[in-house]
Amino acid sequence: MDVLRRPPADPAFRADVLAGLTAPIRAIPARWLYDRRGSELFEAITQLPEYYPTRADTALLEQHAAAVAEIVGTGDVVVEFGSGSSTKTPILLRATSPAAYVPVDISGDFLRESSAALQSIFPDLPLYPVEADFMRPFQLPDAVAQKTKLGFFPGSTIGNMVPGTAVDLLRAMRQTLGVGSFLLIAMDRVKSVETLLAAYDDSQGVTAEFNLNLLHRINRELDGSIPVGAFRHRAVWNDGFSRIEMHLEALRDVRFEVDGCAFEMRAGETIHTENSHKYGRRDARLLLTAGGWTVTNEWTAEGDSFAILLARA
Ligand code: AVJ
């Protein structure tokens, strides 16, 4: 055992993987896809010709950030859910010139890195990073308590959550930001199955590598013996739940161990690794309404393929 080369296992990762592989329908929460390598691969996905969401989201922000600023007003405080390592944050900050920026992330490392990068672009902008799990309400820094808050949740990340969890999150955001605050949120639309499948099963195999990286991560961090070559990436449109699902499918009968526990899978069985829900116009509004938000504005990309919505608590 080469102890030195193995990072200490995250107990929550171990618990989720062991429970997920033991369940009758195998599933591992999507957040474990995003280790260093996974985050790099997701970055690469955003550059793919088939992966339209990032380009659509960025273009919509560029076109409509000034309108957002006009509605929200100056001297507001932008609270970004997720630490804003993307190129989208500067677009919004430039347009709204807020009094302060509050990035929120559960990972202190990501938070420090992206805050430092942002501070170098906006040297005079007061930054108040908050290390918190934004799925639950949390306390904003005292310095911004009296200001109008604009929550920012780009990337259609909310699509990762099943609707019940998404509504819980929206309610938590409302609690955190307070009545009278705003939320600018991106949601991907329902569209042709061909377009959706291509976006989640690209011709260069980057999404496949992103998905399969989870198995490498399990082997690395949880002393696993999963034969990664015996699995393939699958993207499936689940029409009943209006979502793209990512699965890892066993190509033959396999046996392996993770953290000393033995597992067996038959050929064709899968591990469900991610959901990406797609919302129609009414669905998106209903979700926000259920979460305690009133939609005031909606901007959509060409062919109604993607949307950003502005809502008020
Ligand atoms: C980061 C959740 C927005 O669902 O489109 C992309 C993740 N997974 N390709 C998405 C993802 C495979 C992405 N989100």
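Okay, let me start with a small detail: in the hairpin of β8 and β9 there are 2 residues between the strands, and D259 takes a positive phi near 50 degrees. The two strands of that hairpin, β8 at residues 254–258 and β9 at residues 261–265, pair in the antiparallel sense over 5 bridges. If you want one pair to look at, F256 has F263 in β9 as its bridge partner.

Before I go on, a word on what we're looking at. This is a predicted model. The average pLDDT for the protein is 95, and 97% of the residues score at least 70. As for the model scores, ipTM is 0.98 and pTM is 0.94. A general caution anyway: where pLDDT is low, don't read the predicted coordinates in detail.

Right, on to the sheets. What order do the strands take in the open sheet of 7? Going across, you get β3-β2-β1-β4-β5-β12-β11, and the pairing is mixed. At the edges you'll find β3, residues 130–131, and β11, residues 294–300, each pairing on one side only. Over at the β3 end, β2 covers residues 100–105 and runs parallel to β3, with 2 bridges joining them. V104 is in one of those pairings, and its bridge partner in β3 is V130.

Now the helices on that sheet. Take α4, residues 88–96: this helix lies across β1, β2 and β4, and runs at about 165 degrees to β1. Then there's α6, residues 163–177, which lies across β1, β4 and β5, at about 150 degrees to β4.

Stay with α6 for a second, since α6 also meets another helix, α9. That one is residues 281–290; the two axes come within 8 Å and cross at roughly 50 degrees. At that angle, α6 counts as oblique to α9. So who touches whom? On the α6 side we have P163, A166, V167 and L170, and they meet L287, L288 and A290 in α9. By class, that contact has 7 nonpolar residues, no polar ones and no charged ones.

Okay, the other open sheet. This one has 3 strands, in the order β6-β7-β10, and the pairing is antiparallel. Why does one side of β6 and of β10 lack a neighbour in the sheet? Because β6 (231–238) and β10 (270–277) stand at the edges, with a single partner strand each. From one strand to the next, the twist averages 20 degrees. β6 pairs with β7, residues 243–250, over 8 antiparallel bridges, and within that pairing W237 has I244 in β7 as its bridge partner. Packing on this sheet is α7, residues 193–200, which touches β6, β7 and β10 and makes about 150 degrees with the direction of β6. Helix α8, residues 206–221, lies across β6, β7 and β10 too, but runs at about 115 degrees to β6.

Last stop, the ligand. Which residues are around it? Reading along the chain, we have I45 and P53, then G155, S156, T157, G159 and N160, then Y200 and T207, and finally E274 and S276. Sorted by class, that shell has 3 nonpolar, 7 polar and 1 charged residues. You can tie this back to the second sheet: Y200 is in the ligand shell, and α7 covers residues 193–200. Likewise, E274 and S276 are around the ligand, and β10 spans 270–277.

That's the tour, thanks everyone.

Terms used. Residues numbered from 1 in each chain as written. Predicted model: local features only at pLDDT ≥ 70, side-chain atom pairs only at ≥ 80, totals over all residues. Pairing = 2+ DSSP bridges. Helix = DSSP H or I, 4+ residues; strand = E, 2+ residues; numbered from the N terminus. Contact = placed C-beta atoms within 7 Å. Axes fitted to C-alpha atoms, helices over the stretch in contact; angles between N-to-C directions. Near = placed C-beta within 6 Å. Nonpolar A, V, L, I, M, F, W, Y, C, P; charged D, E, K, R; others polar. Parallel < 35°, antiparallel > 145°, perpendicular 65-115°, else oblique. pLDDT = per-residue confidence, 0-100.
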